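Work through the exercises below with the sequence and the model open. Each task is followed by a solution in steps.

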Amino acid sequence: MEKVYLYKETEYTEQSMDALAEKLFAPYGGVKGLLNGKKRVLIKPNLVAKKPLDTGTTTHPLMLRAICKALLAEGAEVTVAESHGGPYTTATAKGQFSGCGITEAVKDLDVSLYTEAESAHISYPDGLIAKSFEVIKPLAETDFIINLCKLKTHALTTYSGAAKNTFGAIPGMRKFELHARFTDIHHFTRMLNDLHLALPVGLNVVDGILGMEGNGPTAGIPKKYGFVAVGKSAFLTDLICADLIGLGSAEVPQLKDAAERSLCPNKGGYEHTNLSREEYEGLRCADTTLPDSHSAGAVSWIARVQRMGGGRVIKLFRPKPKVKKSRCVGCGKCAEYCPVHTIEMKKGKPRIIRDKCIHCFCCQELCPISAIYIKTNRILKI
Ligand code: SF4
Ligand code: SF4
């Protein structure tokens, strides 16, 4: 099985990122060895929301710039493409690149930032739960994808790294259709894995220099995990990162599904990396704050009760989105983006109609000022 390469890193400077880019490609014989004759390279960053860089929400522009420079030096044609949260149009794509510092970072490089907002269909006959997807066009046409993501905990999927990052291949509001179609978290994460496997991802880079803990992907707390992980297998790379931040595969539905499909082992550890046991343990961050929606065993507990037909019991115990009315500015984005339209704006404030809520936490993810939080039943915290 492939190895995951771990590098201790603590800062984003042009110099440190240039050195990192060299290290990222070195195990594969440099850029040339990795691409093996392929020319068109697409970088898929994480630009989920326009938030300041010190929140750890989005791909750092200097890291992306350094990777672009390394690829261009070997003659690759480089495109950067991402469908962020919310509607995806030429105007929003341009705004996202510029608001996340990407436009400025690559302005002197021969790199194409994709803003045409067109889509294309890809099929994946081996998919377990989804066999075709509509994705943003350049991801369907490229030879090789470099998946450049952030290390975060996540309110819906518990952990978010490489295999979750490819959900940004789905154009804008189409993401909400998939949330509405796969309401069970195990079905949803299985679909995410099908999507990841359907794309020609050749390298995964998980940036934990500054990532996020708590209620990620947008409303969590910045966290200096202090390392970068790189691997050809998104699942193995995620397994290692999750292990280092204190999450086992049983607690992360996407990794549980990957292990069941033999896409990665059940358990992470130094033996799957370039590090000695001692070096690996030195990177461990055991004090990670998990999302409020997560509690030890809750994911498997909910799945067990669901299988036993305990739908009503689940409803009582399930973590729920709640609006902090004093913080809310009444922009209405949560109501606009809720995939099942279960948020009404009343007197300028959102009201969540609980019966129809599918607990996807899109409202929490897309609220621009983090006015939505997740309320967990106290029993699940025990
Ligand atoms: S998205 Fe946030 S700020 Fe806007 S209405 Fe909803 S809760 Fe309020
Ligand atoms: S209210 Fe929030 S969590 Fe519930 S379905 Fe709508 S977006 Fe998802």
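**Exercise 1.** Decide whether helix 3 is enclosed or open, and check its length.

Solution. Start with the count: 10 of the 13 residues of helix 3 are buried, so this helix is largely enclosed by the rest of the structure. Here a residue is buried if 20 or more other C-beta atoms lie within 10 Å of its own, exposed if 12 or fewer, and partly exposed in between, with C-beta atoms placed from the backbone. Helices (H or I, at least four residues) and strands (E, at least two) are DSSP runs, numbered from the N terminus.

Next, list the buried positions: Pro-61, Leu-62, Met-63, Leu-64, Arg-65, Ala-66, Ile-67, Cys-68, Ala-70 and Leu-71. Then take the length. The 13 residues should span 18 Å at 1.5 Å a residue, and the end C-alpha atoms are 18 Å apart, which agrees. The expected span is 1.5 Å times one less than the number of residues. Just after helix 3, Gly-75 has a positive phi of about 85°.

The model is predicted: local features need pLDDT of at least 70, side-chain atom pairs count only at pLDDT 80 or more, and totals for chains, interfaces and linings use all residues. Residues are numbered from 1 along each chain as its sequence is written, while chains are lettered from A and ligands numbered from 1 in the order in which they are written.

**Exercise 2.** Place Thr-58 and describe its surroundings.

Solution. First, locate the residue: Thr-58 sits in the loop between strand 2 (40-44) and helix 3 (61-73). Second, count neighbours: 28 other C-beta atoms lie within 10 Å, so Thr-58 is buried. Third, leave out residues up to four places away in sequence; Thr-58 then touches Asn-46, Leu-47, Val-48, Lys-51, Cys-100 and Lys-150. Two residues are in contact if their C-beta atoms, placed from the backbone, lie within 7 Å. Last, the C-alpha atoms of Thr-58 and Ser-249 are separated by 24 Å, with these positions 191 residues apart along the chain counted as their separation.

**Exercise 3.** Apply the burial and length checks to helix 9.

Solution. Helix 9 covers residues 185-198 and has 14 residues. From first C-alpha to last it reaches 20 Å, close to the 20 Å expected at 1.5 Å a residue. For burial, 11 of its 14 residues qualify; among them are Ile-185, Phe-188, Arg-190, Asp-194 and Ala-198.

**Exercise 4.** Describe the two domains and where they touch.

Solution. The chain is divided into domain 1 (5-282) and domain 2 (310-381), with bounds from an automatic or database domain assignment. Their C-alpha centres lie 27 Å apart. In the interface, 13 residues of domain 1 are in contact with 12 residues of domain 2. The domain 1 side has six nonpolar, six polar and one charged residues. Ala, Val, Leu, Ile, Met, Phe, Trp, Tyr, Cys and Pro count as nonpolar, Asp, Glu, Lys and Arg as charged, and the others, Gly among them, as polar.

**Exercise 5.** Which residues are closest to ligand 1, and which to ligand 2?

Solution. Around ligand 1 there are 13 residues, the closest being Cys-328, Cys-331, Cys-334, Cys-367 and Ala-371. A residue belongs to the shell if its C-beta atom, placed from the backbone, lies within 6 Å of the ligand. By class this shell has 10 nonpolar, two polar and one charged residues. Ligand 2 is surrounded by 13 residues, with Cys-338, Cys-357, Cys-360, Cys-362 and Cys-363 closest; its shell holds 11 nonpolar, two polar and no charged residues.
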